[in-house]
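Thanks for making the time this morning. I would like to walk through one model, starting from a single side chain and working outwards.

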Amino acid sequence: TWTIPRRITVGFLSLIAISLLLGGIALWRILGINGHVVQLATNSIPSVVTLNKIIQSNTESAKAVRVLLEDSTLSTPSAAAGDAAFLAAKKKGDELCAEYEKLLSDAEDGRLFSEAKSHRLAYLSDATKVIELILSQKRSDAQALMTAEVYPMLDKCVDGFNADIDHNIKLADIESASARSKVASGFT
(Lines give C-alpha, C1' and ligand atoms only; values in the text may rest on other atoms or scores of the structure.)
Protein backbone atom coordinates (compact mmCIF):
# COMPACT_ATOMS: atom_id res chain seq x y z
CA THR A 1 0.00 0.00 0.00
CA TRP A 2 3.04 2.26 0.19
CA THR A 3 3.82 4.19 -2.89
CA ILE A 4 7.33 4.32 -4.29
CA PRO A 5 7.90 7.97 -3.27
CA ARG A 6 6.75 7.14 0.27
CA ARG A 7 9.13 4.13 0.40
CA ILE A 8 12.04 6.26 -0.84
CA THR A 9 11.26 8.97 1.74
CA VAL A 10 11.04 6.47 4.63
CA GLY A 11 14.25 4.76 3.48
CA PHE A 12 16.05 8.08 3.17
CA LEU A 13 14.80 9.24 6.60
CA SER A 14 15.91 5.90 8.08
CA LEU A 15 19.41 6.40 6.67
CA ILE A 16 19.51 9.92 8.11
CA ALA A 17 18.36 8.64 11.52
CA ILE A 18 20.99 5.86 11.51
CA SER A 19 23.68 8.37 10.46
CA LEU A 20 22.67 10.74 13.25
CA LEU A 21 22.69 7.89 15.76
CA LEU A 22 26.16 6.74 14.67
CA GLY A 23 27.41 10.33 14.70
CA GLY A 24 26.03 10.80 18.21
CA ILE A 25 27.72 7.63 19.43
CA ALA A 26 31.01 8.69 17.83
CA LEU A 27 30.75 12.15 19.40
CA TRP A 28 29.98 10.60 22.79
CA ARG A 29 33.10 8.39 22.52
CA ILE A 30 35.27 11.30 21.39
CA LEU A 31 34.09 13.36 24.36
CA GLY A 32 34.91 10.44 26.69
CA ILE A 33 38.40 10.12 25.25
CA ASN A 34 38.82 13.89 25.45
CA GLY A 35 37.93 13.76 29.16
CA HIS A 36 40.70 11.25 29.82
CA VAL A 37 43.23 13.25 27.79
CA VAL A 38 42.27 16.47 29.57
CA GLN A 39 42.65 14.74 32.95
CA LEU A 40 46.12 13.55 31.95
CA ALA A 41 47.17 16.96 30.61
CA THR A 42 45.71 19.16 33.33
CA ASN A 43 46.15 17.01 36.42
CA SER A 44 48.17 13.81 36.25
CA ILE A 45 51.21 15.14 34.42
CA PRO A 46 51.31 18.53 36.21
CA SER A 47 50.95 16.69 39.54
CA VAL A 48 54.01 14.53 38.90
CA VAL A 49 56.03 17.52 37.66
CA THR A 50 55.07 19.66 40.66
CA LEU A 51 55.86 16.91 43.16
CA ASN A 52 59.27 16.42 41.52
CA LYS A 53 59.91 20.17 41.76
CA ILE A 54 59.03 20.06 45.47
CA ILE A 55 61.59 17.29 45.95
CA GLN A 56 64.16 19.40 44.08
CA SER A 57 63.48 22.43 46.27
CA ASN A 58 63.93 20.29 49.39
CA THR A 59 67.20 18.97 48.00
CA GLU A 60 68.36 22.51 47.22
CA SER A 61 67.58 23.62 50.77
CA ALA A 62 69.50 20.64 52.18
CA LYS A 63 72.43 21.50 49.93
CA ALA A 64 72.44 25.07 51.24
CA VAL A 65 72.56 23.79 54.84
CA ARG A 66 75.31 21.32 53.97
CA VAL A 67 77.39 24.07 52.31
CA LEU A 68 77.02 26.21 55.42
CA LEU A 69 78.04 23.31 57.60
CA GLU A 70 81.10 22.55 55.51
CA ASP A 71 82.25 26.19 55.28
CA SER A 72 84.99 26.35 57.89
CA THR A 73 85.50 30.11 57.65
CA LEU A 74 81.83 31.05 57.83
CA SER A 75 82.40 34.64 56.91
CA THR A 76 79.44 36.98 57.11
CA PRO A 77 78.91 37.10 53.31
CA SER A 78 79.04 33.31 52.92
CA ALA A 79 76.73 32.80 55.91
CA ALA A 80 74.27 35.31 54.48
CA ALA A 81 74.46 33.67 51.05
CA GLY A 82 73.93 30.20 52.49
CA ASP A 83 70.99 31.35 54.60
CA ALA A 84 69.51 33.17 51.58
CA ALA A 85 69.88 30.03 49.42
CA PHE A 86 68.10 27.97 52.09
CA LEU A 87 65.28 30.50 52.41
CA ALA A 88 64.89 30.80 48.63
CA ALA A 89 64.62 27.02 48.24
CA LYS A 90 62.17 26.86 51.16
CA LYS A 91 60.03 29.63 49.66
CA LYS A 92 60.03 27.92 46.27
CA GLY A 93 58.93 24.67 47.93
CA ASP A 94 56.19 26.48 49.84
CA GLU A 95 54.86 27.97 46.60
CA LEU A 96 54.95 24.60 44.88
CA CYS A 97 53.09 22.98 47.79
CA ALA A 98 50.39 25.65 47.54
CA GLU A 99 50.22 25.05 43.79
CA TYR A 100 49.90 21.30 44.31
CA GLU A 101 46.96 21.74 46.70
CA LYS A 102 44.93 22.72 43.60
CA LEU A 103 45.90 19.50 41.81
CA LEU A 104 44.78 16.95 44.41
CA SER A 105 43.00 14.12 42.58
CA ASP A 106 41.36 12.07 45.28
CA ALA A 107 41.35 11.35 49.01
CA GLU A 108 44.41 9.08 48.79
CA ASP A 109 46.33 11.78 46.95
CA GLY A 110 45.36 14.25 49.67
CA ARG A 111 46.44 11.86 52.41
CA LEU A 112 49.80 11.10 50.79
CA PHE A 113 50.48 14.76 50.12
CA SER A 114 49.51 15.79 53.65
CA GLU A 115 51.83 13.17 55.10
CA ALA A 116 54.73 14.18 52.85
CA LYS A 117 54.11 17.85 53.61
CA SER A 118 54.21 17.22 57.37
CA HIS A 119 57.57 15.44 56.92
CA ARG A 120 58.73 18.44 54.88
CA LEU A 121 57.75 20.87 57.63
CA ALA A 122 59.57 18.77 60.24
CA TYR A 123 62.63 18.61 57.98
CA LEU A 124 62.62 22.39 57.43
CA SER A 125 62.23 23.03 61.14
CA ASP A 126 65.23 20.83 61.93
CA ALA A 127 67.25 22.36 59.08
CA THR A 128 66.51 25.84 60.46
CA LYS A 129 67.81 24.73 63.85
CA VAL A 130 71.00 23.48 62.18
CA ILE A 131 71.51 26.88 60.54
CA GLU A 132 70.98 28.61 63.88
CA LEU A 133 73.57 26.33 65.49
CA ILE A 134 76.04 26.99 62.67
CA LEU A 135 75.59 30.74 62.99
CA SER A 136 76.07 30.40 66.76
CA GLN A 137 79.43 28.69 66.10
CA LYS A 138 78.16 25.34 67.45
CA ARG A 139 79.33 23.21 64.54
CA SER A 140 79.54 19.90 66.35
CA ASP A 141 75.97 20.28 67.62
CA ALA A 142 74.87 21.31 64.14
CA GLN A 143 76.58 18.28 62.59
CA ALA A 144 75.03 15.96 65.15
CA LEU A 145 71.54 17.38 64.51
CA MET A 146 72.10 17.19 60.76
CA THR A 147 73.02 13.52 60.98
CA ALA A 148 70.47 12.48 63.60
CA GLU A 149 67.43 14.48 62.50
CA VAL A 150 67.74 16.41 59.25
CA TYR A 151 68.96 13.68 56.90
CA PRO A 152 66.48 11.04 58.14
CA MET A 153 63.60 13.53 57.99
CA LEU A 154 64.64 14.62 54.49
CA ASP A 155 64.59 10.95 53.45
CA LYS A 156 61.08 10.54 54.89
CA CYS A 157 60.02 13.71 53.10
CA VAL A 158 61.38 12.53 49.73
CA ASP A 159 59.89 9.06 50.24
CA GLY A 160 56.51 10.66 51.00
CA PHE A 161 56.52 12.80 47.87
CA ASN A 162 57.70 9.81 45.81
CA ALA A 163 54.78 7.75 47.16
CA ASP A 164 52.45 10.53 46.00
CA ILE A 165 54.17 10.55 42.59
CA ASP A 166 53.62 6.79 42.34
CA HIS A 167 49.94 7.28 43.18
CA ASN A 168 49.58 9.95 40.48
CA ILE A 169 51.32 7.71 37.94
CA LYS A 170 48.85 4.96 38.82
CA LEU A 171 45.96 7.38 38.25
CA ALA A 172 47.49 8.45 34.93
CA ASP A 173 47.79 4.81 33.90
CA ILE A 174 44.09 4.30 34.66
CA GLU A 175 43.13 7.36 32.58
CA SER A 176 45.36 6.22 29.73
CA ALA A 177 43.97 2.67 29.80
CA SER A 178 40.41 4.01 29.79
CA ALA A 179 41.14 6.20 26.77
CA ARG A 180 42.80 3.29 24.93
CA SER A 181 39.82 1.08 25.75
CA LYS A 182 37.38 3.60 24.32
CA VAL A 183 39.46 3.97 21.17
CA ALA A 184 39.71 0.19 20.77
CA SER A 185 35.98 -0.30 21.27
CA GLY A 186 35.36 2.30 18.58
CA PHE A 187 36.98 0.03 16.03
CA THR A 188 34.78 -2.95 16.89
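Is Asp 94 buried, partly exposed or exposed? Asp 94 has a relative accessibility of 31% and therefore counts as partly exposed, where buried means under 20% relative accessible area, exposed means over 50%, and partly exposed is in between, with a 1.4 Å probe and protein chains only. Before going on, I should say that this is a predicted model, in which local features need pLDDT of at least 70 and side-chain atom pairs count only at pLDDT 80 or more, while totals for chains, interfaces and linings use all residues. Residues are numbered from 1 along each chain as its sequence is written, and side-chain values use heavy atoms, with hydrogens and water left out.

Asp 94 meets the side chain of Lys 90 in a salt bridge, at 3.1 Å from N to O; the term stands for a side-chain nitrogen of Lys or Arg within 4 Å of a carboxyl oxygen of Asp or Glu. Lys 90 is itself partly exposed, at 27%. The two residues are 4 apart in helix α2, residues 76-101, so about one helical turn separates them; helices here are DSSP runs of H or I with at least four residues, numbered from the N terminus.

The structure holds 5 salt bridges, and I will take two others from helix α3. Arg 111 pairs with Glu 108 at 2.7 Å, N to O, the two lying 3 residues apart in that helix, about one turn. Arg 111 also meets Glu 115, at 3.3 Å, and because these two are 4 residues apart in α3, they too are separated by about one helical turn. Glu 115 is partly exposed, with a relative accessibility of 39%. Elsewhere, salt bridges that share partners join Lys 90, Asp 94 and Arg 120 into one network.

How do the axes of α1 and α3 cross? The axes of α1 and α3, the latter spanning residues 107-135, come within 10 Å and cross at roughly 15 degrees, the axes being lines fitted to C-alpha atoms over the stretch in contact, with angles running from 0 to 180 degrees between N-to-C directions. That makes α1 roughly parallel to α3, a label given to angles under 35 degrees.

Finally, α1, residues 4-70, contains Ile 25, which is partly exposed at 37% relative accessibility.

Terms used. Parallel < 35°, antiparallel > 145°, perpendicular 65-115°, else oblique.
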